[in-house]
Amino acid sequence: MRGLREQLSRVRHIVKVRRQELFELAAPGSIVHVTAKMHISIECVSYDNVGYAADFRDDTVVRRFRCFLDEGQWGVYATADSKVVGHAWAIVCRGRSRMANHYMKLQSGECLIHFCSVEPSCRGKNIYPAMLVALCRRLFEEAGVQRIVIDTEVDNVPALQSIRKVGFSPLGRRVYLQLGRLLVWQKPLPGGDAGAAIQQQQACRAGLGSGSVYTAEILRPQEIADEWDQLVDESPQGCIFCRIWWLTAVCPGQLRLLVVRKGHRLAAGMPLPLRRRGIWLTVTLPDLTQTPGVLLAPSQAERYEARLSNEMAVLRSLVDAIPKVDVFCTNTHYSFTNWLPFYWAGYTQTTRYTYAIEDVSDLDKVFRNLAPRIARQIRKARREGIQVENPRTLERFWT
Ligand SMILES: CC(C)(COP(=O)(O)OP(=O)(O)OC[C@H]1O[C@@H](n2cnc3c(N)ncnc32)[C@H](O)[C@@H]1OP(=O)(O)O)[C@@H](O)C(=O)NCCC(=O)NCCS
């Protein structure tokens, strides 16, 4: 029996299931000041005072805090009567992106607050919220962070109450399954973050804190139909597969349009055919649809360098605003060649080749330029009675 219990505890150690409630703070102005109900001072954790955590934590924790400092994490202690009674830490993403605690993906300028605790006899006195206020201010002002994420177990009521007091807004709930250090699976929990993430993106967070002049929003087709079709007309990537009438025919009811604006003008767009497949929320290619992809408005800049940097900024805003879904897959038009902002955000791509016959006014000329094998196959198909015709309706084409 004891052996079985040990085995179970070992498995539990390897297989970790986290059911987390997530929150974010996107601007220093959102911080709600909270005062502790007892006299405390808040100080930054440094190599000089890191050992003081031993006032209420064991040596293993103190050793961990030293590692946190080595990794460049930001920490604060709450001290009462010269004793440390609380701590809170933050992992800041300095590069393009990083995985925090093996399950939380952070983008550049984001951070995750984690490893927080208050000495049991001092709980219920606003010490945790007071530490969060001080830590968040440091992160925005000194660490140059633009978005702070915090999470806690869905049933950790005291932590949830404290986080809300400080002004964090909810992002929903997620469950994460880890095998050792490997994140193998994650999904939103009911009432969870798929919707919240979209609303969050609708709040025009794109270009977040980077001084970006672009704003992003996710709209229903009827909210933007005319403007969208104008973008399709103007964009080099515009094609039948991006037209509202096409998209609403192939993904009725589930279509959203992600648009990026500069001022009032549409600078870019991307159809989001959202679909629930069991527990998964996905954005994938609708039936019959080849390249819904990314649409860029033609650039008005004259210099190539200016055109390119505008394009990068627009695309970064667009990529930042893609809602968090379980599967994301799209195809882009062959004239869209700049997928670098997607790469920076952790997306992967495969190249497929498109051969375009630009001028079909002289079909004999087109035919003469075909590979002999293709020309032979077309002739054979004609002999066998195959005809090319305009199906006029999607239903007829599909049947
Ligand atoms: C979560 C934790 C950090 C909160 O710290 P705290 O300084 O007690 O936070 P608060 O003072 O804001 O208390 C939060 C709520 O906990 C409840 N609470 C917990 N312990 C209490 C106590 N001993 N007396 C009174 N209320 C208490 C209260 O309802 C309080 O909410 P309220 O002030 O609106 O009534 C602390 O409970 C803790 O260290 N828990 C263990 C570690 C942990 O869960 N960390 C996760 C952090 S994400």
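Does N126 count as buried or exposed, and how many C-beta neighbours lie inside 10 Å of this residue? N126 counts as buried because it has 21 C-beta neighbours inside 10 Å. In this classification, a residue is buried if 20 or more other C-beta atoms, placed from the backbone, lie within 10 Å of its own, exposed if 12 or fewer, and partly exposed in between.

The model is predicted: local features need pLDDT of at least 70, side-chain atom pairs count only at pLDDT 80 or more, and totals for chains, interfaces and linings use all residues. Residue numbers start from 1 along each chain as its sequence is written.

**Backbone with positive phi**

N126 is not a glycine, yet its phi is positive; L288, likewise not a glycine, also has a positive phi. The table sets out both residues.

| Residue | Phi | Loop | C-beta neighbours inside 10 Å |
|---|---|---|---|
| N126 | about 65 degrees | between β7 and α3 | 21, buried |
| L288 | about 65 degrees | between β14 (280-283) and β15 (295-296) | 12, exposed |

Helices (H or I, at least four residues) and strands (E, at least two) are DSSP runs, numbered from the N terminus. G72, just after α2, takes a positive phi of about 85 degrees.

**Surroundings of the ligand**

The ligand is surrounded by 16 residues, of which R123, G124, Y128, P158 and S162 are the closest; a residue is near if its C-beta atom, placed from the backbone, lies within 6 Å. At least two residues of this shell come from each of β7 (110-118), α3 (127-141) and α4 (157-165). The largest share, 4 residues, is supplied by α4.
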